[in-house]
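Student: I am new to this structure. Could you show me how to read its features, one at a time?

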2 protein chains.
Amino acid sequence: MDALHSPFARKLGAFVALSEKEVSALDRMHGRRKVFPAGKDMVHQGQTDQAAYILASGWVCSYKILADGARQIVDFQIPGDFLGLRSVLFRTSDHNIEPVTKVEASEVLVSDLLETFSETPRLATAVLWAASRDEAMVVEHLVSIGRRDAKERTAHFLLELGARLKLVGLGATSGYACPLSQYLLADALGLSAVHINRVLRELREHGLVTFQHGQVEIHDLDGLVELADFDKTYLDHDGPLLK
Amino acid sequence: MDALHSPFARKLGAFVALSEKEVSALDRMHGRRKVFPAGKDMVHQGQTDQAAYILASGWVCSYKILADGARQIVDFQIPGDFLGLRSVLFRTSDHNIEPVTKVEASEVLVSDLLETFSETPRLATAVLWAASRDEAMVVEHLVSIGRRDAKERTAHFLLELGARLKLVGLGATSGYACPLSQYLLADALGLSAVHINRVLRELREHGLVTFQHGQVEIHDLDGLVELADFDKTYLDHDGPLLK
């Protein structure tokens, strides 16, 4: 894959205007490509000594299982995102990573990060930016579950996904393909599958957004943004900060 | 302040066995020290072009305000933590930062990060580790609000704070000084102040932990860990990963 057009390079390129040397360094990080089937954990809670990955294609979900068996989905990962970066820095994984679809991902070790950061230190800042963006998304999910009602948090979630997909060239403001089941959506938003179903019907009947047959269609962007109180500060950027 | 003994150096030292050159680099990051009074926002949501800080002393809280005025506290910061790192990488702050006590903090600009990362690339990995640890804490807060009941999430919160404070030399497994009001605790845990008060009384009556007069005393660590299903994977480390 041409690193210039990889989702990872598109994403980091939003923070750093990439030089030829930086593009080559990203290329080298894509060296060890692996394929994982849907539905089988790539990494599980408590596992040690696993690698991190950069997701090249497909969708993944990160979740935690509690002692009583309850599941909380923390986030979904899309192409260009890191998988298990925390796990490799912590040595022991604090969460599970499960492919929602078949995925392709490139293995990254701590030694790869060190080598890349030594040769191209601006990429260290870019990876730190990407990690901060991931944290900002978890913050929004925390605020959603803590303070937003079912309709607001569903709208917020669909808007966030759209902005993320657009950045890596996999969606548009008007809509995007989305392989998530209502069951997964429910575990991410802290709602029951029945409740999600009702919320999606209401959003559709109000002419805001339709999510059907694996496709999200946004009919009224301004209305949806207003409903969700969606402030894309944490996702947006007016061109690279580092030229 | 001697960087070797600064909370920030203690924290990063848990991930990287610091060389003399790396200690000097951390020293330089502590150059521009400022003092902020309690109760007045250091950074507010939507603010642009502000600096990031490394907290040297005192406690801080990070929170978001929703359109309807509701507040969600995302986390508290203690000495050694970054403040507003995301804001400086995003250009616009996505949250508010308010000192809980009088604080001292060192200003850090993106150019300081770039310079440090160029000269001492291992510190880039260490800062990435620290940011990942911050993300892991927000993940735990999300899981708490989504899936843990009031007693479990309060216990989890008090254990997490203890582990964090111990790492930077400001607490012990048996207890620590804590300037947080029940009002702040309530906004962080998504509970009412009355509810928090009842939960703390129950935890005390069960002989697990006492939080009174600014002091947390852990009476039964194992019992508290079991109640909270507290897995310190995301905070702990068996000595530096990078020697």
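Tutor: Start with exposure. Buried means under 20% relative accessible area, exposed means over 50%, and partly exposed is in between. Keep in mind that this is a predicted model.

Student: Is A:R91 buried, partly exposed or exposed?

Tutor: The relative accessible area of A:R91 is 25%, so A:R91 is partly exposed. A:R91 sits in the loop between α3 (85–90) and β6 (96–99) of chain A.

Student: What should I look for in the backbone angles?

Tutor: Look at the sign of phi. Most residues other than glycine have a negative phi. A:R91 has a positive phi, near 75 degrees, and is not a glycine.

Student: What is phi of B:H213, and where is B:H213 found?

Tutor: Phi of B:H213 is positive, about 50 degrees, and B:H213 is not a glycine either. B:H213 lies in the loop between β9 (209–212) and β10 (215–218) of chain B. With a relative accessible area of 80%, B:H213 is exposed.

Student: Now a helix. How many residues of α7 in chain B are buried?

Tutor: First, the general idea. An α-helix has 3.6 residues a turn, so residues three or four places apart point the same way. Helix α7 of chain B covers residues 182–189, and 6 of its 8 residues are buried. They are B:L184, B:L185, B:A186, B:D187, B:A188 and B:L189.

Student: What comes just after α7(B)?

Tutor: B:G190 does, with a positive phi of about 70 degrees.

Student: How do I read contacts that are distant in sequence?

Tutor: Pick a residue and leave out its sequence neighbours. Take A:L235, in the segment after α9 (221–228) of chain A. A:L235 is buried, with a relative accessible area of 5%. Not counting residues up to four places away in sequence, A:L235 touches A:R133, A:M137, A:E160, A:A163, A:R164 and A:F230. Now compare sequence and space: A:L235 and A:A136 are 99 residues apart along the chain, yet their C-alpha atoms are separated by 8.4 Å.

Student: Which residues are in contact with B:A177, leaving aside neighbours within four places in sequence?

Tutor: They are B:W59, B:L165, B:G214 and B:Q215. B:A177 belongs to strand β8 (residues 175–177) of chain B. B:A177 is partly exposed, at a relative accessible area of 47%. The C-alpha atoms of B:A177 and B:G162 are 9.4 Å apart, and these residues are 15 apart along the chain.

Student: Let me step back to the whole chain. What is the secondary structure of chain A?

Tutor: Chain A has 9 helices and 10 strands. Its radius of gyration is 18 Å, close to the 18 Å that the globule rule gives for 243 residues, so chain A is as compact as a globular protein of that length. Along the principal axes, the C-alpha atoms fill a box of roughly 55 × 45 × 30 Å. Buried residues account for 59% of the 243 residues in chain A.

Student: Which domains does the assignment give for chain A?

Tutor: Domain 1 spans 3–131 and domain 2 spans 150–234. The contact takes 17 residues from domain 1 of chain A and 16 residues from domain 2 of chain A. The centres of the two domains, taken over C-alpha atoms, are 24 Å apart.

Student: And how many positive and negative side chains does chain A have?

Tutor: Chain A has 26 positive and 33 negative ones, and the centres of the two sets lie 2 Å apart.

Key. Residues numbered from 1 in each chain as written. Chains lettered and ligands numbered in written order. Heavy atoms only, no water. Helix = DSSP H or I, 4+ residues; strand = E, 2+ residues; numbered from the N terminus. Rg over C-alpha atoms; globule rule 2.2 N^0.38 Å. Buried < 20%, exposed > 50% of the residue type's maximum accessible area, 1.4 Å probe, protein only. Lys, Arg positive; Asp, Glu negative; His and termini not counted. Charge placed at Lys NZ, Arg CZ, Asp CG, Glu CD. Domains from an automatic or database assignment. Contact = heavy atoms within 4.5 Å.
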